[in-house]
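This report describes selected helices and chain contacts in the structure shown below. The model is a predicted one.

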Protein chains: 6
Amino acid sequence: MTIDLTHAQDTARVLTEALPYIRRFAGKTIVVKYGGNAMKDDTMIASFARDIVLMKLVGMNPVVVHGGGPQIGSHLEKLGKKSEFIQGMRVTDEETMDVVEMMLGGLVNKAVVAALNQQGGRAVGLTGKDGGLIRARRMRLDGHDLGQVGEVERIDPRVVTHLEAGGFIPVIAPVGVGEHGEAYNINADVAAGKLAAVLQAEKIIFLTNAPGVLSKRNEILTGLTVPQVEGLIADGTISGGMVPKVRYALDAVNSGVKSAHIIDGRLEHSVLLELFTDQGIGTLIKG
Amino acid sequence: MTIDLTHAQDTARVLTEALPYIRRFAGKTIVVKYGGNAMKDDTMIASFARDIVLMKLVGMNPVVVHGGGPQIGSHLEKLGKKSEFIQGMRVTDEETMDVVEMMLGGLVNKAVVAALNQQGGRAVGLTGKDGGLIRARRMRLDGHDLGQVGEVERIDPRVVTHLEAGGFIPVIAPVGVGEHGEAYNINADVAAGKLAAVLQAEKIIFLTNAPGVLSKRNEILTGLTVPQVEGLIADGTISGGMVPKVRYALDAVNSGVKSAHIIDGRLEHSVLLELFTDQGIGTLIKG
Amino acid sequence: MTIDLTHAQDTARVLTEALPYIRRFAGKTIVVKYGGNAMKDDTMIASFARDIVLMKLVGMNPVVVHGGGPQIGSHLEKLGKKSEFIQGMRVTDEETMDVVEMMLGGLVNKAVVAALNQQGGRAVGLTGKDGGLIRARRMRLDGHDLGQVGEVERIDPRVVTHLEAGGFIPVIAPVGVGEHGEAYNINADVAAGKLAAVLQAEKIIFLTNAPGVLSKRNEILTGLTVPQVEGLIADGTISGGMVPKVRYALDAVNSGVKSAHIIDGRLEHSVLLELFTDQGIGTLIKG
Amino acid sequence: MTIDLTHAQDTARVLTEALPYIRRFAGKTIVVKYGGNAMKDDTMIASFARDIVLMKLVGMNPVVVHGGGPQIGSHLEKLGKKSEFIQGMRVTDEETMDVVEMMLGGLVNKAVVAALNQQGGRAVGLTGKDGGLIRARRMRLDGHDLGQVGEVERIDPRVVTHLEAGGFIPVIAPVGVGEHGEAYNINADVAAGKLAAVLQAEKIIFLTNAPGVLSKRNEILTGLTVPQVEGLIADGTISGGMVPKVRYALDAVNSGVKSAHIIDGRLEHSVLLELFTDQGIGTLIKG
Amino acid sequence: MTIDLTHAQDTARVLTEALPYIRRFAGKTIVVKYGGNAMKDDTMIASFARDIVLMKLVGMNPVVVHGGGPQIGSHLEKLGKKSEFIQGMRVTDEETMDVVEMMLGGLVNKAVVAALNQQGGRAVGLTGKDGGLIRARRMRLDGHDLGQVGEVERIDPRVVTHLEAGGFIPVIAPVGVGEHGEAYNINADVAAGKLAAVLQAEKIIFLTNAPGVLSKRNEILTGLTVPQVEGLIADGTISGGMVPKVRYALDAVNSGVKSAHIIDGRLEHSVLLELFTDQGIGTLIKG
Amino acid sequence: MTIDLTHAQDTARVLTEALPYIRRFAGKTIVVKYGGNAMKDDTMIASFARDIVLMKLVGMNPVVVHGGGPQIGSHLEKLGKKSEFIQGMRVTDEETMDVVEMMLGGLVNKAVVAALNQQGGRAVGLTGKDGGLIRARRMRLDGHDLGQVGEVERIDPRVVTHLEAGGFIPVIAPVGVGEHGEAYNINADVAAGKLAAVLQAEKIIFLTNAPGVLSKRNEILTGLTVPQVEGLIADGTISGGMVPKVRYALDAVNSGVKSAHIIDGRLEHSVLLELFTDQGIGTLIKG
């Protein structure tokens with residue numbers, strides 16, 4: 001047996017660099033929003049799963065909230081049902097709501113759960129119905145009927161904290177439950193943000209399709225304060241689909257979450273790099 | 001205010017009659033197999049939910065395992081996909097498996113969860129993937145390829161007992177997980193029986209479409225011992241679809257579950273009547 | 001076997017009607033004052049015992065405080081000792097105090113304990129001496145020497161809460177203990193009220209010889225607020241022996257007990273009817 | 001201020017001599033049978049109480065079982081009722097049983113409890129009815145009807161161990177409870193011995209009217225083994241009322257209690273001297 | 001066997017006299033400063049150890065802080081190193097600091113630990129480095145360089161309270177740790193006082209070479225209040241080496257320690273006499 | 001900000017490679033023998049300390065046993081005392097034993113503790129005297145008087161497990177305690193092995209001055225079974241100072257420790273490399 005000492009020393013160096021981050025986040029809750037675009041193939045899911053399981057093993061409490069827009073759209077197509085969107089939100093009649101619930105709660109959620117368990121985690125999937133986790137009501141939008149699109153009314157985090165305490169990793173599909181037991185389609189970013197606020201999470205990490213918030217010269221902006229972000233929205237630097245995402249990040253930070261991160265979910269092990277390296281990746285918004 | 005004393009005394013009598021049963025089953029786990037045919041309308045589901053929540057409130061630990069055959073069939077039809085059955089088992093190709101998982105784990109499971117929570121319970125839905133609950137492998141049937149039909153390899157009950165301990169009611173969809181994270185379609189009666197055995201349940205109750213095991217003169221047979229049941233199968237008294245159900249009941253009883261019950265799920269509050277009245281209902285098989 | 005389905009469905013209905021009350025009172029302490037007149041024969045005691053044990057089984061924490069005036073009087077007679085009363089209170093010389101203590105703590109208390117245990121409870125009898133539960137001092141009444149009649153100085157509820165936590169039902173005889181270890185004769189209604197206040201009980205229920213507080217036209221009055229009760233005393237509607245009882249109920253409610261109930265102890269299962277039916281029975285005074 | 005150093009050093013010496021005994025018995029249960037003759041005046045009771053409270057404070061778990069024969073006899077006299085004895089056992093008709101229960105459970109028990117609490121203990125009095133502690137049945141004696149004289153059928157020690165765990169000192173009156181809730185008069189030595197066996201006590205100490213087991217030359221015998229005691233009974237050295245007492249001590253030792261002690265209850269602080277000095281006092285019987 | 005009853009009764013009297021003190025100090029932390037002069041021979045150490053172990057056994061939480069000046073001095077001599085003192089503090093260069101640490105933490109500390117364990121205790125030795133117990137910084141003294149003489153910056157008592165909770169007796173050598181891990185020589189009286197303040201101790205006891213604080217007529221003064229002590233310093237009654245000791249006692253009392261005691265460590269069992277007798281010994285300063 | 005993605009991906013890869021090892025050793029005790037030669041400068045100590053703290057942070061329970069031969073030798077020289085060795089063991093008269101105890105327990109032990117705490121650990125130093133951890137007796141060697149050289153008689157691991165449970169890292173100097181409280185000089189390899197056996201450790205890692213056990217061609221041998229090691233000793237492959245070290249490793253493995261490792265303590269982060277890489281380093285001996 002020959003030992004490759006250079007490689008070995010690199011290994012040791014990386015591990016010891018991670019040490020202060022492990023210490024800082026031990027016992028802390030970290031909410032990760034995992035978007036439907038970042039789960040396009042099994043390799044991406046497996047890489048994500050390894051990161052989350054590692055977080056749990058070294059003593060953090062990761063909570064995963066996932067989306068699933070592309071998966072829902074594709075199943076609706078199979079059923080020959082046309083998707084309609086108003087201001088980026090899918091109009092959700094009862095039949096569509098059934099598909100949302102089936103797809104998010106039945107298929108996507110369990111795929112994430114199984115991937116985490118394949119990496120040695122003990123994940124448990126939930127929707128907002130389980131343990132009454134996400135109470136929702138019909139969203140009101142002037143002049144439009146969005147059907148079963150809901151807004152979050154109240155979070156009851158007990159099922160999440162009980163699972164955390166038992167060593168399980170909660171994985172949450174953003175389906176809300178109304179006062180009569182009916183299901184609502186909830187925006188996953190919103191659900192993640194509200195949950196992070198109620199859990200007083202240390203961090204919320206949004207995995208997106210972009211490297212982060214970009215300047216007009218396409219550089220990643222980071223270390224942003226709340227007023228700076230407001231300024232960047234006002235002057236148009238932040239625009240398009242990034243605006244609502246940044247708004248949810250601000251809401252979380254304003255509700256007591258220590259920091260929000262918008263990072264590139266397409267990059268392998270992006271969560272780990274954000275957590276365990278000095279430079280981090282993507283855009284950090286500080287409370 | 002006038003008090004209707006006759007009514008009042010009836011109330012008191014019923015409650016005190018229930019007392020010895022509450023005492024006997026306090027802290028005991030009772031597995032209830034809830035079939036797809038017994039959830040045909042909201043009234044039936046609500047009645048079932050009230051019974052289960054009452055069990056929990058008076059100190060028992062109900063665990064619900066549900067089916068969903070009719071719901072799966074109807075969605076496959078919508079997708080224009082034909083169902084094929086071999087020896088009563090649905091041949092399950094990968095596309096069908098997706099529908100099974102979506103329907104059982106995403107829709108039926110959450111409908112039961114929501115109904116329990118509407119009655120004041122704190123239910124949490126699980127499939128066999130969650131917490132690695134049901135490990136399965138491909139079922140071998142001579143000369144036939146059933147696809148993703150699975151048999152139970154191992155039960156890891158920790159997620160169930162942890163939820164029980166937290167005051168939650170576990171509701172389980174019979175989807176198993178293979179060694180590579182793939183999903184398997186598991187017979188709900190089998191899953192319920194194995195789970196009851198591993199949990200060393202006090203009782204397992206099968207809600208069916210029949211009043212119980214019937215004699216040749218159509219009387220409900222009850223108080224049956226294991227050898228008596230074997231005799232009734234041998235002489236043809238028990239036949240047809242009741243045979244496998246009775247076999248699963250025997251397996252549970254032979255694995256340490258104290259008693260198995262086959263009762264009529266179409267009868268309102270049938271679970272309650274089985275538990276809280278001197279005569280019980282349906283067929284009891286004793287260990 | 002034939003099942004009487006009408007009867008069965010009645011049973012189920014009663015049980016599910018009880019469900020919201022079981023839920024509402026789960027884990028709550030409920031103090032029941034059980035008067036000497038309501039324990040006149042074994043049937044009455046057994047009926048009362050069944051009610052209390054059922055409360056415990058479904059998750060409430062009943063605490064029983066009992067009287068025993070008739071039993072004390074009858075033993076004093078045997079000893080050829082004449083009873084003297086001033087303003088409804090028995091003048092209690094030392095010899096009489098011994099009889100009070102023997103009778104309440106030794107005989108009546110243990111009869112109630114044994115009756116509860118016969119119904120499957122695990123009751124433990126206490127007097128105010130046990131664990132220093134009721135510290136008392138000599139009651140001062142202008143111009144009269146009442147001997148060992150005491151007033152409550154302080155309640156140390158630790159022995160009660162420790163027994164509750166162990167699944168036991170505390171049964172308390174109203175004997176107080178003075179600073180030199182001497183015994184005092186305490187009014188049972190007062191002891192029950194003070195104990196309910198210190199335990200921050202959900203309810204206090206007084207079992208009496210009357211159907212409740214009656215209007216001038218002999219109707220049972222209920223849902224009374226504190227000011228309404230004061231009005232009814234002022235205008236003479238409430239009079240005689242009911243006045244002090246109502247006053248103790250008011251004291252309890254004013255000290256944080258959620259509600260006080262004056263109900264007919266002679267009616268079988270009256271406690272159960274008060275707790276588990278929508279209409280309740282007797283007179284309710286709200287905090 | 002002048003310090004009397006000789007006295008001070010004596011004090012220190014006594015305390016440090018006690019150290020190994022405190023260590024040896026820490027956390028151990030020690031059952032003390034306290035006879036009716038040793039509670040004749042308040043000084044004797046107070047001295048006994050101080051000893052027991054000291055035991056508790058230094059970490060032992062004392063359990064007191066008391067008698068009360070003289071007190072019962074004297075109350076029966078007051079009621080003009082004649083006592084009859086067969087083979088040393090009081091014939092106990094129902095009226096007598098009521099007096100036994102009142103006197104033991106109501107008066108003597110609470111006097112011991114109050115004395116312990118006066119010394120700073122937290123004592124709780126029990127009879128065999130409380131928590132179903134002592135289950136008894138009618139004693140059979142050839143050709144004689146002893147009425148409610150009972151023999152111990154079963155001990156359920158949970159109420160005792162729960163009170164111990166809460167820091168309370170259990171004080172037990174030897175009244176048993178039959179299968180219908182009826183009371184039985186139990187020999188206090190027997191009750192103490194059985195309880196010590198079930199609790200697997202470290203020691204049982206019988207406080208008696210004699211300095212211990214005496215030789216024919218009136219010397220106290222100690223350090224006796226089981227066979228030696230049998231020999232002393234056989235050769236008549238142990239005779240009269242000491243025989244049954246020694247037999248109960250043997251029973252306890254044969255059931256796993258480490259040692260039994262027969263000591264002089266009339267001697268002030270006799271319990272303390274037995275426990276905390278090298279020589280001990282009275283007669284020790286070893287297991 | 002003859003029992004010496006006079007002796008026995010003395011024993012009992014001493015033990016019962018100790019009872020109220022055992023009760024009063026149960027569960028309380030008592031810091032004992034044990035000076036280097038009071039550990040001159042094995043008999044003195046054994047006597048001290050017996051006292052401390054007895055405290056632990058009867059339910060108190062003793063914490064020992066020891067000095068070791070003479071032992072350090074004698075080892076420095078062996079090494080041929082001269083000791084220099086400024087204002088009573090040993091100038092501590094790095095080589096001297098090594099000797100301080102070796103001697104206090106390695107030899108004296110373990111001698112005290114071994115002595116406690118010989119008496120049946122379970123002692124664990126600590127320096128201020130263990131568990132980061134005593135964070136220190138270089139002491140500033142105008143115009144002088146004292147080297148590694150330190151002042152206490154912060155106490156982290158977790159290692160002490162964790163050991164206490166496990167039944168261990170913490171024994172602490174007054175070595176502090178600086179921000180770079182370097183060792184500091186801390187005055188033992190100061191360390192004991194600060195620790196008592198952080199632990200909110202019931203008492204701090206300083207074992208010294210004097211019978212206590214003496215009046216000008218050489219009588220021991222006791223029961224002193226804070227202003228009285230200030231007066232005695234101002235008028236010169238307290239002078240010399242007693243002044244700083246009294247100041248540390250005042251600091252402790254002003255920080256919430258209930259009382260401070262300055263007693264004669266040369267007197268056998270002095271700690272016990274202070275704790276368990278009505279008169280106590282030495283000088284008491286009240287909060 | 002520019003992200004160096006190659007570097008980032010290397011980081012992620014190393015971390016995820018570590019994942020299975022973190023999982024496998026979570027909650028397991030790992031004893032590390034840290035030799036005096038591996039603590040020659042502050043950099044080496046700091047590197048070792050980072051490794052141990054990382055182990056603790058990711059959920060393992062490291063226990064450090066250290067030596068200190070060179071440090072002892074150098075202090076004895078300062079004192080002008082000559083060291084004598086018999087069969088590799090230092091003849092230890094009482095004066096030498098004092099130096100051993102001072103140096104190991106007072107200086108080396110605290111240097112390791114301080115280094116661990118500088119890296120964010122919470123280390124607590126112990127010798128075998130603390131909590132009676134290592135009971136020893138005089139070692140018998142034919143014809144030689146080794147003085148206070150001891151052999152391990154008994155390990156009482158409670159102080160170690162209690163500190164582990166509190167999140168502390170135990171650091172142990174190999175000083176034993178005899179039945180009269182006297183100190184013994186114990187071989188650190190032996191102490192580590194015995195401790196690992198009593199704690200049923202997952203691994204014992206010996207940090208040495210060699211790369212491991214070498215073949216005759218100077219290749220590192222690894223994956224050795226117990227019989228293979230016996231063979232290598234028999235044929236002379238293992239010789240010299242490596243023989244006793246390998247013997248202690250065998251003893252540990254034969255007593256239930258899962259594996260023993262002999263690795264190069266001079267290599268930076270050698271502990272980490274052994275634990276967290278697929279190839280490991282040095283020589284592994286399997287149970």
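## Helix α2 of chain B

Just after α2(B), residue B:Gly59 adopts a positive phi of about 105 degrees. The helix that precedes this glycine, α2(B), covers residues 42-57. Its 16 residues span 22 Å from the first C-alpha to the last, close to the 22 Å expected at 1.5 Å a residue.

Is α2(B) mostly covered or mostly exposed? Of its 16 residues, 12 are buried, and the helix is therefore described as mostly covered. The buried set begins with B:Ile45 and, after B:Ser47, includes the run B:Phe48, B:Ala49, B:Arg50, B:Asp51 and B:Ile52. B:Val53, B:Leu54, B:Met55, B:Lys56 and B:Leu57 are buried as well.

## Packing of α2 against α4 in chain E

In chain E, helix α2 (residues 42-57) and helix α4 (residues 94-118) have axes that come within 8 Å and cross at roughly 60 degrees. The crossing of α2(E) past α4(E) is right-handed.

Which residues of the two helices meet? From α2(E) they are E:Ile45, E:Ala46, E:Ala49, E:Ile52 and E:Val53, and from α4(E) they are E:Ala111, E:Ala115, E:Leu116 and E:Gln118. By class, this contact has 8 nonpolar residues, 1 polar residue and no charged residues. Spacing along a helix bears on such a contact: an α-helix has 3.6 residues a turn, so residues three or four places apart point the same way.

## The contact between chains E and F

Chain E is in contact with chain F through 30 residues, which face 30 residues of chain F. On the chain E side, α4, β5 (123-127) and α5 (158-165) each supply at least two residues. Among these elements, α4(E) gives the most, with 13 residues. The side of chain E that touches chain F comprises 12 nonpolar, 11 polar and 7 charged residues.

How are the two copies related? A turn of 180 degrees, with a shift of 0.0 Å along the axis, lays chain E on chain F with an RMSD of 0.0 Å. This is the relation of a two-fold axis. Within chain E, the C-alpha nearest the axis belongs to E:Gly106 and lies 1.8 Å from it. Because 100% of the interface residues of chain E are also interface residues in chain F, the copies meet through the same surface.

## The contact between chains C and D

Chains C and D are also in contact, with 30 residues of chain C meeting 30 residues of chain D. In chain C, α4 (94-118), β5 (123-127) and α5 (158-165) each contribute at least two residues to the side that touches chain D. The largest share of that side, 13 residues, comes from α4(C). Its residues divide into 12 nonpolar, 11 polar and 7 charged.

Chain C superposes on chain D, with an RMSD of 0.0 Å, after a rotation of 180 degrees and 0.0 Å of shift along its axis. C:Gly106 comes closest to the rotation axis among the residues of chain C, its C-alpha being at 1.8 Å. The same surface serves both copies, as 100% of the contact residues of chain C recur in chain D.

Methods. Residues numbered from 1 in each chain as written. Chains lettered and ligands numbered in written order. Predicted model: local features only at pLDDT ≥ 70, side-chain atom pairs only at ≥ 80, totals over all residues. Contact = placed C-beta atoms within 7 Å. Helix = DSSP H or I, 4+ residues; strand = E, 2+ residues; numbered from the N terminus. Nonpolar A, V, L, I, M, F, W, Y, C, P; charged D, E, K, R; others polar. Expected span 1.5 Å × (residues − 1). Buried ≥ 20, exposed ≤ 12 C-beta atoms within 10 Å, placed from the backbone. Axes fitted to C-alpha atoms, helices over the stretch in contact; angles between N-to-C directions. Left-handed = near helix turned anticlockwise from the far one by under 90°. Least-squares fit on C-alpha atoms with pLDDT ≥ 70 in both.
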